[in-house]
Amino acid sequence: MTDKLVEVHDLHVRFVSRDATVRAVNGVDFDLMPRETLCILGESGSGKSVTLRALMRLNPPRRTVMSGTVRVGGHDVLAASPRQLADIRGGVVSMIFQEPATALDPVFTIGQQIRETILRHEPIGRAAADRRAQELLEIVQIPSARRRLDSYPHELSGGLRQRAMIAIALSCRPKLLLADEPTTALDATVQIQILLLLRQLQQDMGMGVIFVTHDLGVAGEVADRIAVMYAGRFVEVGPVASLMRAPLHPYAQGLLGATVHAGARGTRLTTIPGAPPNLEHLPQGCAFAPRCAWVEDACLSAVPALRSPAPGQAARCVRVPDTLQDAA
Amino acid sequence: MLLYLLRRTLYAVPIALAVSLVCFSLVHIAPGDPINAIVPADAPQEVVDQIRREYGLDKPLPVQFGLWLGHVVQGDLGRSLATGRSVWSDLSVAVLNTLRLAVAASLIGFAVGCVLGGLAGVFQGTWIDRVATGLAVAGVSVPHYWLGIVMVVIFSVELGALPAMGAGPTGGGAWAWDWAHIRHLVLPAVTLCVIPMGIVTRTLRGIIAEIMGQDFVNTLRGKGLLGRTIFLHVVKNAAPNALAVMGLQLGYLMGGSILVETVFSWPGTGFLLNSAIFQRDIPVLQGTILVLALFFVVLNLLVDLMQTALDPRIKRA
Amino acid sequence: MPLVALPDVGGPAQPLLSVRGLQKHFPLRAGFLGRSAGAVQAVDDVTFAIRKGETLGIVGESGCGKSTTSRLIMALMEPTAGEILFDGQPIGHGGLTLKEYRRQVQMVFQDSYSSLNPRLTVGESIAFAPKVHGLDTRRAIARAHELLTAVGLNPTQFARRYPHELSGGQRQRVNIARALALQPRLLILDEPVSALDKSVEAQVLNLLVDLKAQFGLTYLFISHDLNVVQYVSDRVLVMYLGRVAEIGPVDAIYGAAAHPYTMALLDSRPSMDPGNRRKVPPLTGDPPNPVNPPSGCRFRTRCTAAEPICAATVPPLAPAGQDHAAACLMVLPGSGHSRAPAIAA
């Protein structure tokens, strides 16, 4: 039985300020095996980026309060000292961000930014680090790699910048790659290249990947499993094929219906009425209840537990049958 | 890049010319006939006419400007009406004295300002930020001639530790970098540094706070870089704008030290301007203003070039 | 003077907007004296027409010129060459005045927040243009309230709110209401839903479809999202590096694309079927820079079917089906390309 790469149990993340407390993540549990890709799917305000950053404790340190357990590659992230945390970041787990234009330091070259990451985590010399930097640029398919090492971020196009960021993230061969909407800001023809590149690199380097996106199509292209997030909780988890074909949770169903696709022309798009809840004042019961067409009394009294109609699938909805429960 | 340097330098020439024109015109813009500053009101007409011809004041204005400019370019700024000495000889000594004072005040002010501004920016919102910002506001708000007088009262009169006047033990003689001379520099430099200190603190705080809020800082943390490495990144990003502000502050200090120099009788350009104004010594006034203004133009140019060198995003075309 | 709906001048057969040979080059300056160093050829020789009552979609990636085209049509900048005719009349030069034109053509932008003046309430923003065109305040406010209702926002709740108090979707509705305030005939929508969440996007798209029917509008819909354009448009124009690559009815473009770029673009959409994932990207590299574009056909540097003739000839728009044209030498009979059809006898 292989060790799990990521174990998250009962993760809560709150942002505390003088005026209010925002409950961004409210009880998230999941595991990730090595070489597996999990996609966290959700809209803005769902808590997906916060969850991702919590795996590296990258949320703003002064305002963030976290509880629960987060284990990555055997390390306890929440209990790590600042030095241990700095060793984990970049070495065991790396992250790529949405906007490569602002995520790279504008006054240092690409080569310098890759090199400093390598030198931080590995005891090799500068010349070896430079060689590795060039290899990395070639692995991410940046043409004229040698010349590009001396380029500044603003001299590269969007697609090349994102590839450079991937090169930086992979420079120390992390076991886990976190991707926060890395293709949202890219053109369609570039997006598909980056997605395929990530798939390829994952296979070659044997990494686990957690990919955050709001686009169901992108999730379908890269994920093994999808977790749909709403108001800081996973409301549905399942294998990509079954979730995309027949989602169980009303929110996931609504998302699928609202996604504009080829066959939709001429029909009216199904929409989810209302708006996401205010994370400062979450309702007591199911957070989706105010917008749900099938709401019952049971939904309002308590947050529904994750119910599992089949192994590997689960949804936080009282209408979903729970075979494991019923079988017991 | 070289072409850019050349082009920027050449752009400074018309600016310098315009500045000279303004300096020259000051005398003629002021109400009254400039001749009245030279001869007493009850002088006979022939004397007035003769003086007018001597000083070239009977020629048309553009010709006067051309002649004056011609002299300036050769280094001849005329003769002082009060002392009869060449303006340039007095001015060159004064400029050096002011330069020493300005540089000393800048170094102290910038050093303190950078430290306070850096702390305020990194620890934005905490008590450190509030203390640093408070000091900065105090520095900018306190009238510095008043501060100078207070310093004199405390350190010269009460404690007798530091001298209150002059630039050296002999009053205004040659400068030397020894303690006997430097102790004269201490009080005026500290008095003069509070304004640039305040401005640099406030500006740097803003720059650093803005940079710390940018996405790439998160990327740097995510790479596992340690605090001091991240700080170096922030400093390099802040450098172009911060250094520009400091360069301009140095320029202001060169021209704005009239009050402090008068309080401490520091024989610099401010002191010279002060006495020239009271004595209506026009050649000295014109010469001093011109030199200070040109200094500012050159400083601006240097700051521009330095910013371009430090920030790779600015086009070098 | 009340705002009346503007009359149809040219009749149903006349295109509402006709663009011919439109060109916009931004000169670059470099060197010691700031000499000209080439130009950004943002829009080059673009010709198309928007028919009354249709939705024409424009798709393309960064650098294709679709946003520049929309701003040229909106008369926010002057073209370096070419002409724009609205219902048969030119703008300026003796035809329509700019003020008259702006009454007929309005625009909705991508960034809903920066499109609204943060110091005006939502009601005031919508009432602004009618007031400028002569309507008195009371009636302008009443009109603003009508429009808020039309876009699905309750005026008693929303008219007094400021933009920062609204969500992205609500702000975009306000922008649409504001665009409709002068009763325009043509609405240019430049990426109106790109910045919105998927569920909100669906709401706004439904609203746009409803409003078009309700007010008899014509839409120019610009987007990089192929699925959204397919949903909304009657005809689609595909742009690449400042030129028109293909234009035709939506079913023809999406079902039987003739231009290799269109085909690659359609193949780049993520498949919604995890069992049928892409293995190879249809195009490699990034969209090239519009400064100094390739000679001849601009797509030839990334086209798998490129031949030497493609570098030598700028392909004209050639018919590729009913009401369907593509700028590719493979479509033009007798063009010299090995895959071009023979000239019909």
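**Notes on the chain contacts and the domains of chain B**

1. A good place to begin is the meeting of chains A and B: 24 residues of chain A are in contact with 18 residues of chain B. Please keep in mind as you read that this is a predicted model. On the chain A side, helix H2 (82-91), helix H3 (100-103) and helix H4 (110-121) each give two or more residues. H2(A) gives the most, with 6 residues. Sorted by class, this side of chain A, touching chain B, has 12 nonpolar, 6 polar and 6 charged residues.

2. Next, have a look at chain C. Here 35 residues of chain A are in contact with 34 residues of chain C. At least two residues each come from helix H7 (158-170), helix H8 (188-205), helix H9 (216-222), helix H10 (240-245) and helix H11 (250-258) of chain A. Among the contributors to the side of chain A that touches chain C, H8(A) gives the most, with 6 residues. That side is made up of 17 nonpolar, 13 polar and 5 charged residues.

3. Now turn to chain B by itself, which is divided into domain 1 (2-73) and domain 2 (95-310). Taken over C-alpha atoms, the centres of these two domains of chain B are 33 Å apart. Their contact involves 15 residues from domain 1 and 11 residues from domain 2.

4. Which helix of chain B supplies the largest share of the domain 1 side that touches domain 2? Helix H1 (residues 2-29) of chain B does, with 12 residues. By class, the domain 1 side of this contact in chain B holds 12 nonpolar, 2 polar and 1 charged residues.

How values were computed:
Residues are numbered from 1 along each chain as its sequence is written. Chains are lettered from A and ligands numbered from 1 in the order in which they are written. This is a predicted model: local features need pLDDT of at least 70, side-chain atom pairs count only at pLDDT 80 or more; totals for chains, interfaces and linings use all residues. Two residues are in contact if their C-beta atoms, placed from the backbone, lie within 7 Å. Helices (H or I, at least four residues) and strands (E, at least two) are DSSP runs, numbered from the N terminus. Ala, Val, Leu, Ile, Met, Phe, Trp, Tyr, Cys and Pro count as nonpolar, Asp, Glu, Lys and Arg as charged, and the others, Gly among them, as polar. Domain bounds come from an automatic or database domain assignment.
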